[in-house]
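Grab a pencil and have the viewer open. Below are some exercises, each with a solution worked through in steps.

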Amino acid sequence: GKRYGCLGGSANTMLIYPNPATDMITIIVNADNDYDNTSITLHDMIGRNVYNKIVNLIKGENKFTIALDEYLPGNYSILVQSDALTLPVAKVIIQK
């Protein structure tokens with residue numbers, strides 16, 4: 001399959017940009033397989049789940065965007081996981 005050099009060496013990787021972000025973030029997940037019912041969750045600094053979306057990942061590049069209009073500035077964490085896949089938690093800073 002295709003290799004995305006900027007996403008690191010492992011098969012399952014996640015890239016988030018821009019970071020820090022103001023109005024929107026883009027999440028690119030590079031998957032080594034199809035993963036149905038994968039959740040993308042955004043947690044604020046005190047651990048509250050402020051965003052949750054269920055997606056079906058396909059093998060290769062998957063691109064998602066999250067509008068940040070309703071989120072306060074601060075540090076957030078993004079978790080992408082399904083039954084068979086858990087990516088390392090990513091940190092994103094929202095600035096206004």
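The exercises go through sheets, a core and a few single residues of this predicted model.

**Exercise 1. Work out the strand order of the open sheet of 4 strands, and find which strands stand at its edges.**

Solution. Start with the order, which reads β4-β3-β6-β7, and note that the pairing is antiparallel. Next, look at the two ends of that list: β4 (49-57) and β7 (90-94) each have a single partner strand, so one side of each has no neighbour in the sheet. If you follow the sheet across, the twist averages 25° from one strand to the next. Now zoom in on one pair: strand β6, residues 74-81, is joined to β7 by 5 bridges, and the two run antiparallel. To place yourself within that pair, find Asn75, which stands opposite Ile93 in β7.

As for what holds such strands together in general, strands of a sheet pair through backbone hydrogen bonds, either parallel or antiparallel.

**Exercise 2. Do the same for the open sheet of 3 strands: what is the order, and which are the edge strands?**

Solution. The order here is β1-β2-β5, with antiparallel pairing. The edge strands are β1 and β5, since each pairs on one side only. From one strand to the next, the twist averages 20°. For a closer look, take β1 and β2: they run antiparallel and are joined by 5 bridges. A handy landmark is Met14, which stands opposite Val29 in β2.

**Exercise 3. Find the residues that touch the most other members of the largest nonpolar core, and say which element gives the most to this core.**

Solution. First, the size: this core has 25 residues. Those touching the most other members are Met14, Ile25, Ile27, Ile40 and Ile78. Then ask where the core comes from: two or more residues each are given by β1, β2, β3, β4, β5 (60-67), β6 and β7. The top giver is β2, with 4 residues. Finally, pick out Ile25 and check its surroundings: leaving out residues up to four places away in sequence, Ile25 touches several residues, including Ile16, Phe64, Ile78 and Val92.

**Exercise 4. Thr41 and Asn37 lie in strand β3. Which of the two is buried and which is exposed?**

Solution. Begin with Thr41, found in β3, which spans residues 35-43. Its relative accessible area is 8%. Buried means under 20%, so Thr41 counts as buried. Among the residues Thr41 touches, not counting those up to four places away in sequence, are Asn49, Tyr51, Ser77 and Leu79.

Now Asn37, with a relative accessible area of 58%. Exposed means over 50%, so Asn37 counts as exposed. While you're there, look at its backbone: phi of Asn37 is near 50°, a positive value in a residue other than glycine.

**Exercise 5. Locate the cis peptide bonds that lead into Pro18 and Pro20, and say where these prolines lie.**

Solution. Take Pro18 to begin with: the bond from Tyr17 to Pro18 is cis, with omega near -15°. Pro18 lies in the loop between β1 (13-17) and β2 (24-31). Moving along, a cis bond also joins Asn19 and Pro20, where omega is about 10°. Pro20, too, is in the loop between β1 and β2.

Here's why such spots deserve a second look: most residues other than glycine have a negative phi, and most peptide bonds are trans.

Key
Residues numbered from 1 in each chain as written. Predicted model: local features only at pLDDT ≥ 70, side-chain atom pairs only at ≥ 80, totals over all residues. Heavy atoms only, no water. Pairing = 2+ DSSP bridges. Axes fitted to C-alpha atoms, helices over the stretch in contact; angles between N-to-C directions. Buried < 20%, exposed > 50% of the residue type's maximum accessible area, 1.4 Å probe, protein only. Contact = heavy atoms within 4.5 Å. Core = buried A, V, L, I, M, F, W, Y, C linked by side-chain atoms within 4.5 Å.
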